[in-house]
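Please walk me through this structure, one part after another, in plain terms.

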Amino acid sequence: MRKLSLFLVLVMLLGFSAGVVAEQKEYTEFTEVTFLSCWNGGGGGFPQDVMGNVIAKEIAKKTGVIVNMESIVTSETERLNTMFASGVMPDFVNAPYWSSTGGEGFVIRKAAVEGMIYDIAPVLDQYPNIKRLFEVGIAKDYKEFDVFNPEYEGKIYVIPQQTPSNDPADITNWAYGVFGRKDILDALNVDPKTIDSTEKLYDLAVQIKNGGFKDAAGKDVIPMGTSHNGWNYWGFLDGFNDGYHLSGYRMQEDGSIVSTFFMQQTIDQVLFMRKLVSEGLMDVEAFSNTDTMGKEKMAIGKCALFSFHAPYLVDTMRDTLYKTNPEMEYVRVGPLKMTDGNIVTAVEKVGRTGSPVNFIAESSPHKEEVLRFLDFINSDEGRLLARYGIEGEHYDMIDGIPTVKPELREAWAEDSSLRKNLGIGVYEGFIGAYDYDSKYPVPDDQKTQWDKMLDALRADVPIVQFDKVSVGFLERGYPGMEEFRDLSSTIDAEAERRRAFFAATDEDAIKIIEDTRQRYMDAGQQGVFDYVKEQYEAYPNKDELMF
Amino acid sequence: MTKALTLKGRDYDTKMSLGARMWKYRAFYFFLLPAIIWYAIFCYYPMYGVLIAFKNFKFNLGILGSDWVGLRYFRNFLGDPYFWTIVKNTLVISLLKLFCGFPAPIILALFLNEVRNVRYKKLVQTLSYLPHFVSWVVVVALLTKLLSPNNGAINELRQAINPNASSVFYLGEPGWFYPIIVLSDIWKNVGWGSIIYLAALTAIDPEQYEAAELDGANRWQKMGHITLPGIYPTIGILMILSLSGILNAGFDQIYLLQKPSTLHLSEVLDTYVLKRGLQQGHYSYSTAVGIFRSVISMVLIVTVNGISRRTSEVSLW
């Protein structure tokens, strides 16, 4: 009898909730809002029909909003600058906000302070799903110093996106590293896991160079290479890193604080890369590869060792090299060990530091519509729709887990653009505090071979997490910062570093770095270091800080 | 005193006011209108933007509303650690292009003028004009492929001749940077540049050649004593204009051909303005750099024009 009562109550509750759902407003009139994905090449992730795809129509029914998407094929900072300077803005924008002191984040902060961005603070309580994005998934220092930058004086301009939930399972492991062509490693009888130091990596490159190996086009392979614009050559240099850190600052033996650019490890890294370049071990075109050039090299297995992140490797290779030459599969080399003996892997805080953000133009006539859309897409219903599509049409709920229909899963594994053109996965970019992986873990039997390959590549480099405040944030209040930035803004340390890779001699390379250091010092760098030291010493709880 | 002017049989009364004359000949002034509108909209109206070089630009205040900061950005540029490198690079590349690239269309025009087979002449002209219509993006993509150290055609050819030859990263070798910049510029522009000289050549009186032939002059002598002097004024004018652009080394080509290893040679004023101005958002600073360049160019063109007027009677004004 008791069980029967419980059953009846449940039936009533279900009936009630179904009634609520049935009564949900379905819009018949729609407002088009314009959106800019301010990510270089971000349009590659768009469906062919950005306003008429299946998911867009479903969102329109639920919110009355149709998002007209546009992307860029130029530098993010450049586009942000031209957009704000011209005053011609879409209704809302998604852009990188790695910090509020440099690059894109600096431009966004300037625009916010100068009144170009809409302050959502007064209306935030009306949008609980957006409000949650400020409570979950962002690191405390990022929240305090960047998202709620003190210069904003309590106003809220940026909405963090693509952040994880507080469950570590939801943190994306990009699994950066060096990946080697398995057929070449086998031919050399090298176990890739044993390549755990810079010296061994160098020796392997020399062996490859002398081995006469060929790419899929029958031409000589290059021992080491990257994708576009040198991304990510750092993978070959990670063995020089001195352990897990959250900032670019280090405390020296004498107690002074400097940034890593001023330390010996920078010289060591530059000289090592110069050695690789000058001995023909590194693809000399790597630093100026276009995206097309990089992918062409990947598609034919041109470089025996590539460095970037694992999802990029799998996504690019699955439709190219792995179809034509499956024997040329790439496997993880290493991971390398740093100078303190720890392996090179991703270091994360609790919550993300630096993230993509959405912001709404102050000039937009559709602020309310944008917020309604963002609030919906961040609801449980919106999250399911964004990642899995429409229940019954694209997926079924089986044991509480959204399960993609088998026939669709097979078709999508074969051609990933099919899923994208339906709009599935596209709107995940508007979501924060991801809880997909912890809430709906994909059962092994539903994983594609590419999912499993990615899992294997990630397993070697588990994320290391710290609940600390980065020392890097201590520089924020430096009173001379604006002047320092003004004077040092024309110094391009990365360009100088790359120039040093191609220097005629080691001495020339060192001189390039030392000259660049001097330029920073002339601009007032020492003042920044001294200020960080002062703040570090005055910090009430040093255990909370991490270099 | 009134004075009647006669021009091709028509009388002009200077007593007429300017306005009346303009109204009388309004049809001719109407032809000028499109050019005036074009200049007003695209050249003069945007000029107020140079004010940004003297202001601390704020997005919301715009150019006119932002605070004045005097010559701060000019001082910053003159004190920039890269100042001399950038100015030197700009001058070196421009002068190389001038000395190597300026005579090339003249030589081509002179040679084309000597070709008697009309079909062959037209074919050569067409082929030499074509590169002008290909954008630098395409040209650099082609160069990148041809000169690539990884299976580029040139390196393949070298290795086919000598299997022991190692690949050369032409686009990344500082020693190859200037030759590639200058030669690709000549290849792209020589045909187009020769058009104006060919037009000037048609103005030379054919009787001069006939008279020279009667005097027994050979083709080289005719070229040296009639053809070349006949286009001296054109050469002079174009030289003056070229010198005024001495601080304009050619943005598209150089930006696209920049590599980390050649940056110390290839960073010029134009690329610097793009990187600091548009990419990093230092609009005031980069406008100051642009004004610096424009002022130097103006001084150069006035000076060179003056010298030319006094020495050769060829001048723009």
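**A walk through chains A and B**

A:Tyr395 has A:Val404 of strand β14(A) as its bridge partner. This pair belongs to a predicted model. The two strands involved are β13 (residues 395-398) and β14 (residues 401-404) of chain A, which run antiparallel and are joined by four bridges. Together β13(A) and β14(A) make a hairpin, with two residues between the strands. In that turn, A:Asp399 has a positive phi of about 55 degrees.

Chain A also holds an open sheet of five strands, and their order is β2-β1-β3-β12-β4. The pairing in this sheet is mixed. Which strands stand at the edges? They are β2 (65-72) and β4 (159-160) of chain A; each has a single partner strand, so one side of each is left without a neighbour in the sheet. For β2(A), strand β1 (residues 31-40) of chain A is paired with it in the parallel sense, over eight bridges. One position along this pairing is A:Glu32, whose bridge partner in β2(A) is A:Ile66. Helix α3 (residues 76-86) of chain A packs on the sheet and touches β1, β2 and β3 (92-97) of chain A. The direction of α3(A) makes about 140 degrees with that of β1(A).

Next comes a pair of helices. Helix α2 (residues 54-63) and helix α14 (residues 367-377), both of chain A, pack with their axes 10 Å apart and at an angle of about 110 degrees. Angles of 65 to 115 degrees count as roughly perpendicular, and therefore α2(A) is roughly perpendicular to α14(A). The crossing in which α2(A) passes α14(A) is right-handed. On the side of α2(A), the contact is made by A:Ile59, A:Lys62 and A:Thr63, and on the side of α14(A) by A:Arg372, A:Phe373, A:Phe376 and A:Ile377. By class, the residues of this contact are four nonpolar, one polar and two charged.

On a wider view, chain A is assigned three domains: domain 1 (28-169 + 351-441), domain 2 (176-347 + 453-459) and domain 3 (469-546). The C-alpha centres of domain 2 and domain 3 of chain A are separated by 26 Å. Their contact takes 18 residues from domain 2 of chain A and 20 residues from domain 3 of chain A. On the domain 2 side, β8 (257-259) and α10 (264-278) of chain A each supply at least two residues. Which element gives the largest share of that side? It is α10(A), with seven residues. The side of domain 2 of chain A that touches domain 3 of chain A consists of twelve nonpolar, five polar and one charged residues.

Chain B is divided into domain 1 (1-70) and domain 2 (74-312). Between the C-alpha centres of these two domains of chain B lie 33 Å. Six residues of domain 1 of chain B are in contact with five residues of domain 2 of chain B. Sorted by class, the domain 1 side of this contact has four nonpolar, one polar and one charged residues.

The two chains also meet each other. How many residues does each chain give to the contact? Chain A gives 28 residues and chain B gives 24 residues. On the side of chain B, the elements that give two or more residues are α15 (263-266) and α16 (269-279) of chain B. The largest share of that side, three residues, comes from α16(B). The residues of chain B that touch chain A divide into nine nonpolar, eleven polar and four charged.

Notes. Residues numbered from 1 in each chain as written. Chains lettered and ligands numbered in written order. Predicted model: local features only at pLDDT ≥ 70, side-chain atom pairs only at ≥ 80, totals over all residues. Contact = placed C-beta atoms within 7 Å. Nonpolar A, V, L, I, M, F, W, Y, C, P; charged D, E, K, R; others polar. Domains from an automatic or database assignment. Axes fitted to C-alpha atoms, helices over the stretch in contact; angles between N-to-C directions. Parallel < 35°, antiparallel > 145°, perpendicular 65-115°, else oblique. Left-handed = near helix turned anticlockwise from the far one by under 90°. Pairing = 2+ DSSP bridges.
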